[in-house]
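This report covers the contacts between protein and DNA, then those between the protein chains. Please have the sequence and the structure open while reading.

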Number of protein chains: 2
Amino acid sequence: MRDNPRDTVRGRNDVSLADSRPRPDTPVRGRPRSEAVERAILEGVIELLEEGVPLAELSIERIARTAGVGKATIYRRWSGKEELFVDVIRAAEPPEPELPGTSMRDDLLVLLENLRQRGLASRSSALLHNVHAQMKTNPRIWAAYHENVIAPRRNLVLNVLRRGQRDGELRPDVDVELANDLFVGPILVRSVLRPDAELPEGLAEDIVDTVLAGLRPVSSTVSQR
Amino acid sequence: MRDNPRDTVRGRNDVSLADSRPRPDTPVRGRPRSEAVERAILEGVIELLEEGVPLAELSIERIARTAGVGKATIYRRWSGKEELFVDVIRAAEPPEPELPGTSMRDDLLVLLENLRQRGLASRSSALLHNVHAQMKTNPRIWAAYHENVIAPRRNLVLNVLRRGQRDGELRPDVDVELANDLFVGPILVRSVLRPDAELPEGLAEDIVDTVLAGLRPVSSTVSQR
DNA sequence: GCATTTCGATACGGTACCGTCTCGTATCTT
DNA sequence: AAGATACGAGACGGTACCGTATCGAAATGC
């Protein structure tokens, strides 16, 4: 797909639009691109980020150096660091959790526990930090992260909440979007904004039950505002 | 004879390093340092960050260029970009909100509304994004931000919650730290992690009342399906 | 008046990376 | 076998920034 229209040595008689043609046949001629090289590059970037190297300090030369490949091999696949990083995001996406489906509370427990585990993992954290850093400057990176990581998980929670609302486990008058943020907010805040905070064992259950029950003292009447 | 490089560094006040040095003869000789120049540099950095320029792309040369000062003028005050950024954080800190003190709910409304407003402001957001990006690499920047911005606000909320717990507005068995995250989490998640999300007008009130009341249907004793 | 220091400006050598290109070799299709 | 392409390695000219040094002018204390 990302073929190079720059036949170097021979005639450069080509004119204006290089690659506007859809070119359906992938170039099967010549040596094919190594899939192993591709993985080595992506994995190398992930490892560097995990080690705490910020994306801003990653140069193509350094990536090539640590992956043990030539610079041209990288430029053959991606046009630059940001393009590459989009694929890194895709490659690092963890699988979605399986839901028991027995009740809204049970599903929420699984989802929040999964979120807590991800908060404890350096890989997710490193990725999120660097995505976050590039968000303002490079909306494409943010879009890729949102599409590949955030949106799927968010939809999972929203669907669980909607079903819970249908089944009477959730007050019908609450906004499910707000409810979602009430559940995931505490974990996200601790893992992203206060990395020194702890994510203790029973946190997911504490959050679910506390949010469901409310913080007002039990004897208080509902008429209070 | 020119100066040795050590006496140029004298940053004003330090965060983590003790540096209780009682001003080694603030050089009253010669031309004094311009306070206006100092402000111009700090404000220039803040404006650049507000415009979406990431901290990683800020070079001393560029800062000097946009502030209209010489490079040496910057190096005379700070030893590098990170040192400078610590002072930028301090300079951009907004004032703490005033609390009515009439009830826990009223105080929480003010605090969360204040937080919502900050989420809407580009200045806070730009700062937070860049602090966040540097967090892993440069713990000093994170420490400065935590000490100057996060901790004071957090303590404000925690005190309000503790008082509410004493006064019977908050269940005595809930962890105030968890309660804090339940209240601030939704706003922080929306402003930091989902910048496309909205922060609508009545959000603060919605959060406070929903968290206090709980998400479980009122008369229901059913917790499982 | 004079010493001292800061000011903006800019020159300086050094470093790192950019993206392209070339080389010799390896691997695939025809 | 011939042709095409990918591979690692690295040369290449160009750009931006680093941190220091120097300049003449300005601002202060003595």
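Which helices of chain A each supply at least two residues of the surface near DNA strand C? They are helix 2 (60-67) and helix 3 (71-75), where helices (H or I, at least four residues) and strands (E, at least two) are DSSP runs numbered from the N terminus.

## Basis of the values

This is a predicted model, in which local features need pLDDT of at least 70 and side-chain atom pairs count only at pLDDT 80 or more, while totals for chains, interfaces and linings use all residues. Residues are numbered from 1 along each chain as its sequence is written, chains are lettered from A and ligands numbered from 1 in the order in which they are written, and side-chain values use heavy atoms, with hydrogens and water left out.

## DNA strand C

DNA strand C is surrounded by 26 residues, the closest being A:Lys71, A:Tyr75, B:Thr73, B:Arg76 and B:Arg77. A residue is near a strand if one of its heavy atoms lies within 4 Å of it. Of the atoms of DNA strand C that come within 4 Å of the protein, 69% belong to sugar and phosphate. The surface near this strand divides into eight nonpolar, seven polar and eleven charged residues. In this classification Ala, Val, Leu, Ile, Met, Phe, Trp, Tyr, Cys and Pro are nonpolar, Asp, Glu, Lys and Arg are charged, and the others, Gly among them, are polar.

Polar contacts are pairs of N or O atoms within 3.5 Å; within protein, one must be able to donate a hydrogen and the other to accept it, and residues adjacent in sequence count only if both atoms are side-chain atoms. A:Lys71 places a polar side-chain atom 2.6 Å from a base oxygen of DNA strand C. Phosphate oxygens of DNA strand C are approached by the side chain of B:Thr73, with an N or O atom at 2.7 Å, and by a polar side-chain atom of A:Ser59 at 3.4 Å.

## DNA strand D

Around DNA strand D there are 25 residues, of which A:Thr73, A:Arg76, A:Arg77, B:Lys71 and B:Tyr75 come nearest. Sugar and phosphate make up 70% of the atoms of DNA strand D within 4 Å of the protein. By class, the surface near DNA strand D holds seven nonpolar, eight polar and ten charged residues.

The side chain of A:Arg76 has an N or O atom 2.7 Å from a phosphate oxygen of DNA strand D, and for B:Arg65 the corresponding distance to a phosphate oxygen is 3.1 Å. The side chain of B:Arg31 instead has an N or O atom 3.3 Å from a base nitrogen of DNA strand D. Helix 2 (60-67) and helix 3 (71-75) of chain B are the elements that give two or more residues to this surface. Helix 2 of chain B gives the most, with three residues.

## Interface of chain A and chain B

Chain A brings 60 residues to the contact and chain B brings 57 residues, contact meaning heavy atoms within 4.5 Å. About 5,100 Å² is buried between the two chains, with carbon and sulfur atoms giving 61% of it. Buried area here is the accessible area (1.4 Å probe) that two parts lose on being put together, summed over both. In chain A, the most area is lost to chain B by A:Arg171, A:Leu193 and A:Leu215, together 14% of what that side buries.

There are four salt bridges across this interface, a salt bridge being a side-chain nitrogen of Lys or Arg within 4 Å of a carboxyl oxygen of Asp or Glu. B:Asp181 and A:Arg194 form a salt bridge through their side chains (3.4 Å, N to O). The interface also has 22 residue pairs in polar contact, both residues at pLDDT 80 or more. On the side of chain A that touches chain B, helix 8 of chain A gives the most, with 14 residues. That side has 29 nonpolar, 14 polar and 17 charged residues.

## Pairs within chain A

The whole structure has 32 salt bridges over all chains. In one, the side chains of A:Arg140 and A:Glu83 meet at 3.3 Å, N to O. This pair links distant parts of the chain, with A:Arg140 in helix 7 and A:Glu83 in helix 4 (residues 81-91), 57 residues apart.
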